[in-house]
Each structure stands twice: as C-alpha cells, then as structure tokens.
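Walk me through this structure, from its charged surface to its aromatic rings and salt bridges. Which residues deserve a look, and where do they sit?

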Amino acid sequence: MHGEYKVPGGKLVAVDVDVEDGRLAHARVSGDFFLEPDDALEDINGALTGMPETASAAQLARAIESAVDHGVSFVGFTPEAVGIAVRRALGHATSWRDHTFDVIHGEPVHPALNVALDQVIPEEVAAGRRGPTMRIWEWNAPLVVIGSFQSVRNEIDSEALQRHGMSVVRRISGGGAMFMEPGNCITYSLVVPESLVEGLSFEQSYAFLDDWVLGALADVGVKARYVPLNDIASEQGKIGGAAQKRFASGVVLHHVTMSYDIDADKMLDVLRIGREKLSDKGIRSANKRVDPMRSQTGMARADIVDAFIAHFRGRYDTRMSDYRPEEVARAEELMETKFLSDGWTYRVP
C-alpha cells in the first residue's frame, strides 16, 4: 500500500508498506525531504515495522522519535508527517490528482442562499451527483453570517444591525462571524471527499486544504502563511479565517473568508465581539478600514478572484461549472425553511 503527504510549506513524504497479521511490515519511507544523517532513514523504516496497523499518526510519530538519535535533523518534514503518510496508505486516502474539481463562480445572489448552498453542495457531492467543488461566493445584500455555535446576543448588536439594514444568518460550520457587504471580502467554499484528508487531524486538514490559497495569494503579491487553528495571515497581519464541517456522509466542507475592504466603523458597530478582536485585524481606532487584500495587492477584487480561480485551475484538474436548477431550488427551500427562520438563527440565543 502506498500513501503520500505533502507537508504544507514543506516537502513530500511517501510511504510504501505492507500489513501482515495486523502489523506494519516492509515499511519504506521516501520523498524529497532532507534528513541528516541519511542513515537515519533505516531507523525510521525500522520504527514503523511491527507497529499495529491501527496505530494513529501520533503513535507512529512517537515510535519514530524513540528510534532515532536526538541529533537527527528532519528538514521539510516531521515524524508526524511520516505517520500521516502511513495512515493515508492504510486508509484508502485519495490525493488532489485523483479528483476533477467543479469550479463555480456565479452571479451575485442573496447571501443567505450561499449559506444554504453550503449544505446543498455537500449533499450533492455525497450522492455522487456532483464532483468535488470549489465555489466563489458572490452576494447582493449585506449580511452577518455567524458560526454554528455562536450566541446571537453575545455576537450582534441588534440595534446597530437594524440601523445598517443588515440581517443575521447562522451557518452550519463553526468559527466566528463574517461581516459581509457586497464586494467587501472574498469567500470560497471547498467541498471534498473525506478521503482527501484521511489521516489528518482537524488542525492538519485546515493547513492542507488552505495550502492552495497561499499559492494563489503569492500570485497576487501577498506573502501569506497558515496560523493555527484556522487563520491566514500576512506580514501585515490577519487576512482571513477558515471554518470547516465534516458530514457523516463522508464529505468535508471547508470555507475561507478573506477581508478585501471592510468598513471597520460599521463592522465594530454591529459586531460586539469584533470590538475585542480588533487587534487581530490591525485596527486600533475608528475611521479606518480592514483592507489587507486591497491595500497589499492594489488590485480590484474581481481581478483577485480571477487570479485565484486561475491558480486553482492551474494546480488541479478542473472544469468550470454552474449551479444546477435543482440545486438552486433546494437551496432556496432551505433558505426559507431553515436559514432565515428564527428557530435556526436563534438556536443559540
């Protein structure tokens, strides 16, 4: 069995391994990493051989750490990366190149419809009616999207929300609030089979699924990095954050929102928690904007979105797509019966 894991920002680790009587046998680690001294590779292979096939990536990493001398240097990879590659070999994992991705960038719609589509598209992928999908949100009205477990009362100033003509919708994934006015941020959703993140912890899967957008940001002149657990930051500070939802159907929803040009005064008027989290975005006083994507690139939002799509399509096997009528109809139904209902929105008051 063969498994691979590309360390975000690092090197590729590959493992070929057999299983005999419930234990790993004939383990062979390879890759484009650096290891000093090089004969430590045999110690790594030896540490894996004989381990239970049920061992976790962390347990495999500890076995490797115990088997090698303290002076061994792992460059571009870690013992845990080897453990992940083993788990991917044993778990019928898939890689990016095993899939053809639908790429959707449609016309602006009601923002709550995008929230509903984050339930519909995973259902379609799980049912096999659509392939793995990357879609860019476009919306035509202001909205605050709160995380699945956030308190409306604690998060939102209801009077300010009404004063600015905004509404609030709860999404199905966790994480923090998204302050969304037309064109003020860039949001995408990535829907993939769970096999793509096989063997990865939640934290590792965030870094793994965010890796492509770091490359896309580099294309537009932004040197960005992943900051655990779910942030993307540049040298000038936080750019955006990610959220994730794993479905029992074996599908993962991963979405990211990045600030393009946000009215900080309005955001701080509406979001209570935002007033305390201001330092994350580098804003310490009023009359300023949260604009890392605009100020750091000097590019129009539409041009950045085009660059992101071009990077994704250049990196993976893709096909341009659009929402099918039945997907839109299902999302519209969910928008009315669930996402715009008080029962769902105020389930955490």
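Helices and strands here are DSSP runs, numbered from the N terminus; a helix needs at least four residues and a strand at least two. The model is a predicted one. With that naming in hand, D39 can be placed: it lies in the loop between β4 (34-36) and α1 (40-48).

Start at the surface. D39 has a relative accessibility of 52%, so it counts as exposed; the cut-off for that class is over 50%. D39 also belongs to a negative surface patch. The other members of the patch are E36, D38, E42, D43 and D69.

Now turn to the salt bridges. A search of the whole structure finds 20 of them. One joins the side chains of D102 and R130, with N to O at 3.0 Å. D102 sits in strand β6 (residues 100-105), while R130 sits in the loop between α4 (111-126) and β7 (133-136); the pair therefore ties together parts that are 28 residues apart in sequence. How exposed are the two partners? D102 has 5% relative accessibility and so counts as buried. R130 counts as buried as well, because its relative accessibility is 6%.

R130 has another partner. Its side chain also meets that of E327 in a salt bridge, at 2.8 Å from N to O. E327 belongs to helix α12 (residues 325-339) and R130 to the loop between α4 and β7, so this pair ties together parts that are 197 residues apart in sequence. Both R130 and E327 are buried.

These contacts belong to something wider. D102, R130 and E327 are linked in a network of salt bridges with E124, R129, R319, R324 and E326.

Another salt bridge joins two helices. D211 pairs with R315, and their closest N and O atoms are 2.8 Å apart. D211 lies in helix α7 (residues 202-219) and R315 in helix α11 (residues 301-315), so the pair ties together parts that are 104 residues apart in sequence. Are the partners buried or partly exposed? D211 counts as buried, because its relative accessibility is 16%. R315 has 34%, so it counts as partly exposed.

Next come the aromatic rings. A pair of aromatic rings is described by the distance of the centres and the angle of the planes. The structure holds 13 aromatic pairs. In one of them, W96 and F101 are 5.6 Å apart centre to centre, with 35° between the planes; this pair is tilted. W96 and F101 are both buried. For F339 and W344, the ring centres are 5.9 Å apart and the planes stand at 80°, so the pair is edge-to-face. F339 and W344 are buried too.

W96 and F101 are also members of one aromatic cluster. The cluster further contains Y5, Y188, F208, W212, F308, F312 and Y316.

One last stop is R87. This residue is placed in helix α3 (residues 79-90). Its relative accessible area is 19%, so R87 is buried; the class requires under 20%. What lies 30 residues from R87 in sequence but 6.4 Å away in space? The answer is A57, with the distance taken from C-alpha to C-alpha.

Definitions and conventions. Residues are numbered from 1 along each chain as its sequence is written. This is a predicted model: local features need pLDDT of at least 70, side-chain atom pairs count only at pLDDT 80 or more; totals for chains, interfaces and linings use all residues. Side-chain values use heavy atoms; hydrogens and water are left out. Patches are made of residues with over 30% relative accessible area and no salt bridge: like charges are joined within 9 Å, nonpolar side chains (Val, Leu, Ile, Met, Phe, Trp, Tyr) within 5 Å. Accessible areas come from the Shrake-Rupley method with a 1.4 Å probe; for residues, only the protein chains shown count as cover. A salt bridge is a side-chain nitrogen of Lys or Arg within 4 Å of a carboxyl oxygen of Asp or Glu. Lys and Arg count as positive and Asp and Glu as negative; His and the chain ends are not counted. The place of a charge is taken as NZ of Lys, CZ of Arg, CG of Asp or CD of Glu. Buried means under 20% relative accessible area, exposed over 50%, partly exposed in between (1.4 Å probe, protein chains only). Rings of Phe, Tyr and Trp (its six-membered ring) pair if their centres lie within 6.5 Å; planes under 30 degrees apart count as stacked, over 60 as edge-to-face and the rest as tilted.
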